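Colleague: I'm new to this and would love a close look at one part of this model. Could you walk me through how two of the chains meet?

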Amino acid sequence: MYKTEKSVKRPFLAPSRHAKKNLQLTLLALPAILLILVFAYVPMGGVFIAFKNVNYTDGILRSPWVGFTNFKFFFTSSDAWMVIRNTLSYNIVFIAVGTFLSVVFAILLNEIVSRRWLKTYQTVFFFPYFFSWIIVAYMAYSFIGPYGILTSWISQLGMESFDFYSETWIWPIMLTFINIWKGLGYVSIIFYAGIIGIPQEYFEAAQMDGASKLQAIRHVTIPLIMPLITIMTLLSIGKIFYSDFGLFFFVPREVGQLFPVTQVIDTYVYRMLKVSGDIGMSSAVGLFQSVMGFIVVLLSNYVVRKIDDDNKLF
Amino acid sequence: MARTFRMTKLGLTGIILLLVFGLFAAACGNSNNNAGNKDAADNSTNKAADKPANTGTNAGGNDAAAANGAGTNDSGAAAGDAADLPEVKLTWYFPGNWPQPDQDKVFAEVNKVIKEKINATVDFKALPFGDYDQKMQVVIASGEPYDLAFTAGWINNYTQNVAKGAFLPLDDLLHKYAPQSYASMPASFWDATRIKGQIYGFVNQQISARTPAIDVTQKLADEYKFDINSVGGKITYNTLNLLEPFIQAVKADHPERYPSIGIDPDFFNMEAIVGINVPGVVRFNDDTLTVVNQFDSEEFRTFAATLRDWNAKGYMNSKERISKKTDDWVDAKAGKWVLSIGGAFKPGGANLAAALGGEPYVEAPAGTAHLTTGGITATMMAINRNSKNPERAMMLLELLNTDKELFNLLNFGIKDNHFKIDADGFMVPGDNQQGYNPSVPWMFASNFLANVEKGMPADVWEQTKKVNEEALPSKLLGFTFDAEPVKGEIAKATAVYDEYSRAIQLGVSSEDKYNTFVAKMKTAGADKIIAEMQKQIDAWKASK
Amino acid sequence: MPLKKRAPQLIIHSVFILFGLSCVIPLISVLSISFSSEVDIIQNGYRLIPHLFDFKAYAYVLYRPIQLLNAFKISILVSVIGTLLSVLFMAGISYALSRQDYRFKNGLSFFVFFTMLFNGGLVPSYILISNYLHLKNTLWVLILPYLAVPWFILLLRSFMQKIPHDIIESCMIDGANEFRIFYQIILPLAKPGLATIALFTMLQYWNDWWLSLLYIEEEHLVPLQYMLYRMMNNISFLTSSTNMMPPGMKNMTLPSESARMAMAILAAGPMLAVFPFFQKYFVRGLTVGAIKG
């Protein structure tokens with residue numbers, strides 16, 4: 001993503017004007033730089049809390065250091081494996097299925113002839129992206145809740161009545177569906193924007209060579225949007241130890257029975273902080289997430305660089 | 001390499017810029033928030049002076065203020081005091097059925113009185129019950145200089161907070177600034193709040209002898225000729241079937257209704273050491289004070305089996321309820337309850353149920369009331385370790401505990417507007433009751449100061465006191481558990497409880513599942529928690 | 001170069017129509033429930049089209065709507081101010097990052113990107129915001145933390161990179177300084193990108209409940225989503241406002257299911273109405289990274 005274009009212009013300005021230009025550009029960027037510094041970097045200073053047994057008599061700064069005890073707490077609990085597994089497997093499925101479907105949708109969108117239909121689809125597909133998770137949770141409830149539309153259809157079909165909020169097996173499917181449903185419109189339009197950026201000559205050349213439509217997609221479209229797919233995937237991989245709090249917190253309505261399949265690291269930390277109030281322990285888990293995410297990105301970027309240097313993130 | 005180098009240079013510039021911006025932002029924030037401004041200023045200038053008060057001995061910090069207030073305070077904050085005291089602003093966090101439409105108006109009135117009597121104004125941070133725990137965790141963790149907060153075993157956990165040093169020991173403050181409140185309660189009540197010998201919670205007196213209440217709407221009771229007193233006092237974990245005929249009859253006509261049954265330690269004749277959600281209870285009748293795992297007990301299993309049976313019979317509407325965290329009065333109002341067992345029975349309690357449920361209720365005690373540490377400490381106020389004005393906070397509590405009018409103003413709103421007093425001296429709803437009716441009379445100070453509502457016996461508070469006095473005191477009274485050594489295990493056990501409790505409560509957990517639950521509790525460290533509890537109880541017993 | 005044949009077009013359309021329906025139906029179902037009566041719900045369950053239209057839920061929610069109106073006001077204020085400032089600030093940094101000849105380009109990119117992966121956690125942020133910046137219980141606390149979102153900055157940067165460098169160069173040769181170039185050349189040219197980012201930022205502000213959960217304790221600053229969150233999680237909102245049952249409804253049961261759905265509709269509606277204004281720029285504005293070619 002940060003690759004510099006091969007054809008950087010030779011400097012055409014005098015050195016003094018260069019300095020002035022850099023200064024002016026920096027000034028333009030300054031408000032955002034400051035905001036990021038204050039709201040993202042300054043709190044990072046607080047990671048040391050993860051290594052403390054915080055008590056308020058001494059205050060956070062003077063509380064005793066306890067090394068990795070807070071981490072030990074998390075990793076020795078039987079839930080640790082469960083929430084890490086849930087977080088990772090949901091994210092892997094979301095990335096794989098989500099990216100695949102988005103690319104397919106983007107390619108199909110590009111095949112739509114009618115402008116009016118195209119516009120309608122784009123608008124409608126975007127609807128789910130507009131709803132907050134709280135609203136999505138209400139929507140889901142209206143389908144699969146005890147009075148839900150889907151619930152009553154199932155019982156009308158003569159099947160034994162099905163109780164969505166107490167069946168664990170259905171939730172991985174539900175959550176995957178809802179997550180992809182919500183993001184598909186958005187991500188597919190990003191890919192679509194990439195596809196329409198491909199110069200027409202490529203397709204014309206392919207056609208001249210006698211390539212079929214599918215062949216053109218395979219040999220022109222996909223290779224050309226590959227950098228985009230890689231970027232998007234790398235970015236998602238960076239967040240693989242995080243999850244969308246709203247999805248996992250609101251949609252399953254905090255039903256305890258479903259925790260084995262709906263509890264992810266973020267919700268676990270939130271709930272733990274709520275019951276135990278121990279900020280050391282919850283900070284430890286947060287730090288673990290950040291560090292793991294960082295390592296995963298560096299690793300996958302390294303792998304991408306090995307395979308295809310052009311697609312690397314940085 | 002080159003990039004790293006650039007980063008550090010950039011980082012340096014960044015830090016300098018940050019400092020500049022930090023100042024700017026702080027100034028900005030202050031001008032936006034006058035209250036914050038004042039606090040911030042106080043904070044920085046008074047820091048040095050406050051240190052002694054914050055270290056825990058608290059004697060030093062109080063001396064100056066003591067000179068101001070001690071002499072006059074015996075009379076319970078007479079109007080003349082105010083002039084001698086410097087003006088302060090107190091911040092008070094508490095949960096309840098907030099927001100109320102007219103709360104700002106009422107709080108302003110309350111502040112007028114407080115200002116006059118103790119020259120303080122209170123910033124009332126009235127939070128909804130559901131937000132309170134989460135909010136207090138961050139408020140306490142961040143070291144925010146609030147002054148007062150509601151604490152108990154069931155919300156904003158008292159022992160955990162004390163273990164972390166969040167609250168100020170109150171012994172000296174109580175003697176100096178709240179002598180009347182201190183004298184109004186038996187010493188055993190104060191002892192119940194002691195942790196490692198010190199008092200950290202100011203008890204809001206109310207019903208302390210606990211047994212759950214059974215609530216049924218008047219309408220259903222009449223319609224199905226259900227005499228609640230015929231079962232009152234007889235319902236425990238293994239006699240729930242006494243209620244079955246009534247439930248069955250109601251269900252036949254109203255399939256949408258269900259019995260809402262809470263899981264409460266008193267229901268099992270057990271005293272929970274930390275809470276019902278953490279393994280470790282002592283049976284009321286156990287002289288040896290042996291700590292057992294309630295989830296593995298015969299009592300709990302019987303209870304779970306009954307609910308399982310009820311669910312199989314279709315009483316529980318479990319499908320509808322599983323997707324809700326708890327049963328609540330919204331459902332009652334929506335006409336979904338057959339009956340409810342939960343909360344705490346108290347004389348005149350039917351009135352509160354009526355206020356919450358929106359129609360007349362009849363109420364009876366489920367079992368025999370016991371006086372336990374948990375019951376006494378169910379409603380308390382604590383003073384923040386970082387409070388800048390702990391003595392004034394204590395004076396405020398004393399004021400609320402002695403000034404009946406002020407207390408009722410805060411509780412029920414403005415007289416002749418939100419409530420009225422009828423010819424017989426009972427309180428009746430005012431024309432504008434909907435504007436302010438938080439229904440938490442045990443929140444702000446002793447419940448015994450509250451106006452007697454119409455429908456309550458005139459001597460309701462005398463009766464309540466009598467119930468408290470006559471109740472069987474738990475043999476553990478005065479013991480408080482120091483949770484610090486097993487805090488990790490407790491957090492894990494609570495997580496397990498959260499996963500399974502609703503299913504047990506609704507009778508949808510099969511016996512197999514129940515066994516898994518017990519096994520998971522064990523892996524979470526139930527045995528370690530229980531051993532620690534036993535150790536502390538034995539030590540306490542030996543020291544007596 | 002689209003397909004011209006009918007059959008594949010039909011297949012594509014049917015796939016899209018199916019998915020499109022799945023996007024619209026949930027909205028209809030929530031709308032329908034909000035217009036159903038409580039009794040009807042209990043007897044017949046939820047339906048896509050109400051048995052009988054019933055306006056009680058809205059009568060209930062909109063009776064004495066002071067709280068609700070206030071929540072709307074806060075949400076609108078936060079969304080509008082937040083979006084304007086955010087787009088301006090992010091455009092500034094994105095422009096600098098989009099310039100190949102900007103000296104700190106790489107360092108600054110990393111500076112922005114790093115925050116996407118690493119964060120300090122809840123408690124340190126809380127301490128900073130409440131104890132040092134003193135932003136608690138102000139409107140600003142709902143705005144400032146989201147003003148510079150790394151992902152949006154990267155999106156906008158990609159968009160600006162597509163603006164031909166020659167234009168900028170010729171302006172520079174004419175002696176224009178960077179500020180003038182930014183305001184007079186870049187901002188107008190980047191309109192699709194800015195509009196897209198504006199929409200996302202607005203959405204983010206409108207849908208946020210987290211900041212208000214943490215930092216708002218005063219009723220007059222409660223935004224819409226936080227109100228919804230409370231209704232889902234707390235008994236208190238619905239019960240305490242049952243005191244406010246409209247006079248004609250005094251003896252009726254509380255429309256708890258439909259009232260919640262009515263609130264959801266009221267909260268979701270405005271954003272759907274806003275979308276068409278941005279749509280024109282939408283696809284063009286969403287380019288991430290440069291496509292080779």
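How many salt bridges does the rule find across the interface of chain C and chain A?

Modeller: Sure, let's go. Before the answer, some ground rules: this is a predicted model, where local features need pLDDT of at least 70, side-chain atom pairs count only at pLDDT 80 or more, and totals for chains, interfaces and linings use all residues. Residues are numbered from 1 along each chain as its sequence is written, chains are lettered from A and ligands numbered from 1 in the order in which they are written, and side-chain values use heavy atoms, with hydrogens and water left out.

Now your question: the rule finds one salt bridge across the interface of chain C and chain A. That term stands for a side-chain nitrogen of Lys or Arg within 4 Å of a carboxyl oxygen of Asp or Glu. The partners are D101(C) and K21(A), and their closest N and O atoms are 3.3 Å apart.

Polar contacts are another thing to count here. Each is a pair of N or O atoms within 3.5 Å; within protein, one must be able to donate a hydrogen and the other to accept it, and residues adjacent in sequence count only if both atoms are side-chain atoms. Chain C and chain A have 17 residue pairs in polar contact, both residues at pLDDT 80 or more. On the side of chain C that touches chain A, α1(C) gives the most, with 17 residues. (Helices here are DSSP runs of H or I, at least four residues, numbered from the N terminus.)

What about the whole interface? Counting contacts as heavy atoms within 4.5 Å, 114 residues of chain C touch 108 residues of chain A. The size of an interface is often given as the accessible area lost when the parts come together. Here about 10,300 Å² is buried between the two chains, and carbon and sulfur atoms give 76% of that. The sum runs over both parts, with a 1.4 Å probe.

Helix α1 of chain C, residues 6-34, turns up again in a nonpolar surface patch, where its three residues are the largest share. The patch covers about 400 Å² and is made by W117(A), I17(C), L18(C) and L21(C). Patch members have over 30% relative accessible area and no salt bridge; nonpolar side chains (Val, Leu, Ile, Met, Phe, Trp, Tyr) are joined within 5 Å, like charges within 9 Å. As for W117(A), look in helix α5 of chain A, residues 115-130. W117(A) counts as partly exposed because its relative accessibility is 41%, between the cut-offs of under 20% for buried and over 50% for exposed (1.4 Å probe, protein chains only).

Note on methods:
Accessible areas come from the Shrake-Rupley method with a 1.4 Å probe; for residues, only the protein chains shown count as cover. Helices (H or I, at least four residues) and strands (E, at least two) are DSSP runs, numbered from the N terminus.
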